[in-house]
Amino acid sequence: MAEVKLDLFRRFGDLATDALASHREEIDALNVFPVPDSDTGTNLYLTIAAARDGLREFTGTDWREGLRAFSRGALLNARGNSGVILAEMIGALLRRLVQATEDERTATVFADALRNAGNAAYAAVGEPQEGTMLSVLRAAADAAEACVEIDETARTRDVMSVAASAARAALARTQEQLPALAAAGVVDAGGRGICVLLDAFETALTGRRPSPQAPTPHIPIPIPADMGAADGHALEPGGPAYEVMYLLDAEDAAIPDLRKRLQPLGDSLVVVGGEGIWNVHVHVDDVGAAIEAGINAGRPHRIHVTHFAEQIAGQAHRHATRGGRAVIAFAAGPGLAELFRGAGAIVIEGGPHRRPTTSELLEAITSSGAVEVIVLPNDAPTRQSAEAAARTAEDDLDISVAVIPTRSQVQGLAAIAVHEPGRKFDKDVLEMTATARHARHGAVTISNTRAITMAGPCMPGDALGVLDGDFVKVGQDLEKCATYVLARLIGGGGELVTLVSGLEDPNGELAQGVAAWLAANHPAVDVMVYDGGQERYPLLMSVE
């Protein structure tokens, strides 16, 4: 299984997220089944972005655990009917890879994984339908299996290329398989999403982009005046009124009875997961009964209910009533959170292993009520998630969103210090961006492993000095490392130094010692000292 490397899935996560972001509007426009709410592309995009974020948060070296993190990210943050099905596909596919032995042929394992993904998806859906993402993935699995059976020399890239081609052919047939698609003159939205994902995986393996394809057919449908509709497609009269989703902590043995209870309540039933955590999705009229079924099975949480008829009207109303400007900041400690709140920001709290997902950032943007939003990601991985959320908010809700490229908490503090809500949006963004970029930043931390750094080898317990994200000092004394970093920072000039003490400097002694060094060596420079409470870094520093 030499080809199963975390780097492959990191590439796939990035490529798939970008690809679904590019095709999101196209896929949304194809969405007429099972409910024409024009959100399939968005739901698939947010689900794969959550999987990517789950792997980004993984810091270990065991590729099997990394794949589990990728799968869990999708399961816990799946959006909508299509997203929940996709999470099950991902989980089943990766479980096969994790279980593979060293003597198994990699191409065969990937073909088996595609088959497992398809079978698991069919099993998870209450009433499977041909002409959907289920049949598109099954066609891909059929082609992959045939490839390894016919050609014993086939490589994984060959298998995935054949699978992606078969999926595109199956997508074209969906219009013939579902009357709703034939009537609308479109192919299946979820199936189109599967094609985009398989193309992204092929690119991750080979580096080649798939050949350009003809646009998928889409013929707009007249909207009856008495029906709610989304993006040109009429809602089905007489269908369930609500979408109910929740995560469920439950024993695996309780799930068959849960499915039996939910099945008669409505349609589009999907229950996926395992090992005590499940994602439940169903369309119903009786919301209470759907949630009660979950309570009987275990502990439902993160319950989300959408009323289809009000969904589109609600989006229009939210846009009509929006106003003002909001700043959203990721804070890596309780003290930092209070600093950002004190400056007027909406705060998402976390830490090195608890960064906000694309979905969380999108929810914060959406719920802010503002028509202009500025996001301070305050680290590099969160910046990528923030940009993905910003694109979705701008396209779906016509909110102006700017992501300031802050790579550290102290850059975020510098940026929000110059925020002026009364300024024009572009000027405010420009001023905050310029200030953040001019804030040189550093930190000190303690090594927890043996490693080779740019400053030389380090051992567990060594003090490490960090400058603009790179290790520049290895030593035995945190304060000496901190003053070394600060001396380099201030060597380029500056009028204000900000010091933020972390959890490993609970009394602020390190920060005060560095402040005293600054007063003795650079008496003309002002210094501000804060208690940030951040993990990993006993002291953060910036110079402006």
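The following exercises, each with a worked solution, concern a predicted model of a protein.

**Exercise 1. Overall architecture**

Task: State how many helices and strands the protein has, and what percentage of its residues count as buried.

Solution.
Step 1. The secondary structure comprises 19 helices and 18 strands.
Step 2. The protein has 544 residues, and 55% of them count as buried.
Step 3. The exposed surface amounts to about 23200 Å², with 51% of it supplied by carbon and sulfur atoms.
Step 4. Contacts between residues at least 6 apart in sequence may then be examined: 71% of these join residues at least 24 apart.

**Exercise 2. The largest cavity**

Task: Determine which residues lie nearest the centre of the largest cavity, and how its lining divides into nonpolar, polar and charged residues.

Solution.
Step 1. Two cavities of 30 Å³ or more are present in the structure, and the largest has a volume of about 280 Å³.
Step 2. Its lining consists of 18 residues; Phe12, Ile90, Leu93, Leu197 and Leu198 are those nearest the centre.
Step 3. At least two lining residues come from each of the helices α1 (6-30), α4 (80-99), α5 (106-124) and α9 (189-206). The greatest contribution is that of α4, with five residues.
Step 4. By class, the lining of the largest cavity has 18 nonpolar residues, no polar and no charged.

**Exercise 3. The second largest cavity**

Task: Identify the residues that line the second largest cavity and classify them as nonpolar, polar or charged.

Solution.
Step 1. The second largest cavity holds about 40 Å³ of space.
Step 2. Its lining is formed by Asp53, Arg56, Glu57, Arg355, Pro356, Pro381, Thr382 and Ser385.
Step 3. Two elements, α2 (40-57) and α15 (380-397), give two or more residues to this lining.
Step 4. The lining of the second largest cavity divides into two nonpolar, two polar and four charged residues.
Step 5. Two of these lining residues, Asp53 and Arg56, also belong to a network of salt bridges that links Asp14, Arg52, Asp53 and Arg56.

**Exercise 4. Three salt bridges**

Task: For the pairs Glu145 and Arg115, Arg341 and Glu338, and Arg355 and Asp379, give the N to O distance and locate the partners in the chain.

Solution.
Step 1. The structure holds 25 salt bridges. In the one between Glu145 and Arg115, the closest N and O atoms are 3.0 Å apart. Glu145 belongs to helix α6 (residues 133-150) and Arg115 to helix α5, so this pair ties together parts 30 residues apart in sequence. With a relative accessibility of 23%, Glu145 is partly exposed, whereas Arg115 is buried at 16%.
Step 2. For the salt bridge of Arg341 with Glu338, the closest N and O atoms are likewise placed 3.0 Å apart. Both residues are in helix α13 (residues 334-342); because they are three residues apart, about one helical turn separates them. Arg341 is partly exposed, with a relative accessible area of 37%.
Step 3. The side chains of Arg355 and Asp379 meet at 2.4 Å, N to O. Arg355 lies in the loop between β8 (346-349) and α14 (358-367), and Asp379 in the loop between β9 (372-376) and α15, so that the pair links distant parts of the chain, 24 residues apart. Asp379 is buried, its relative accessible area being 11%.

**Exercise 5. An enclosed helix**

Task: Explain why helix α16 is described as largely enclosed by the rest of the structure.

Solution.
Step 1. A residue is buried when its relative accessible area is under 20%.
Step 2. In α16, the buried residues are Gln409, Val410, Gln411, Gly412, Leu413, Ala414, Ala415 and Ile416.
Step 3. Helix α16 (residues 409-417) has nine residues, and because eight of them are buried, the helix is largely enclosed by the rest of the structure.

**Exercise 6. The surroundings of Ala87**

Task: Decide whether Ala87 is buried or exposed, and state which residues it contacts beyond its neighbours within four places in sequence.

Solution.
Step 1. Ala87 is part of helix α4.
Step 2. Its relative accessible area is 4%, so Ala87 is buried.
Step 3. When neighbours within four places in sequence are left aside, Ala87 is in contact with Ala74, Leu75 and Ala78.
Step 4. Asn279 stands 192 residues from Ala87 along the chain, yet the C-alpha atoms of the two are separated by 9.0 Å.

Definitions and conventions. Residues numbered from 1 in each chain as written. Predicted model: local features only at pLDDT ≥ 70, side-chain atom pairs only at ≥ 80, totals over all residues. Heavy atoms only, no water. Helix = DSSP H or I, 4+ residues; strand = E, 2+ residues; numbered from the N terminus. Buried < 20%, exposed > 50% of the residue type's maximum accessible area, 1.4 Å probe, protein only. Contact = heavy atoms within 4.5 Å. Areas by Shrake-Rupley, 256 points an atom, 1.4 Å probe, with all protein chains shown as cover. 1 Å grid on protein atoms, 1.4 Å probe; cavity = no way out; pocket = protein on both sides within 12 Å on 5 of 7 lines; lining within 4 Å. Points joined across faces, edges and corners; volume = space filled by probe spheres on them. Nonpolar A, V, L, I, M, F, W, Y, C, P; charged D, E, K, R; others polar. Salt bridge = Lys/Arg side-chain N within 4 Å of Asp/Glu carboxyl O.
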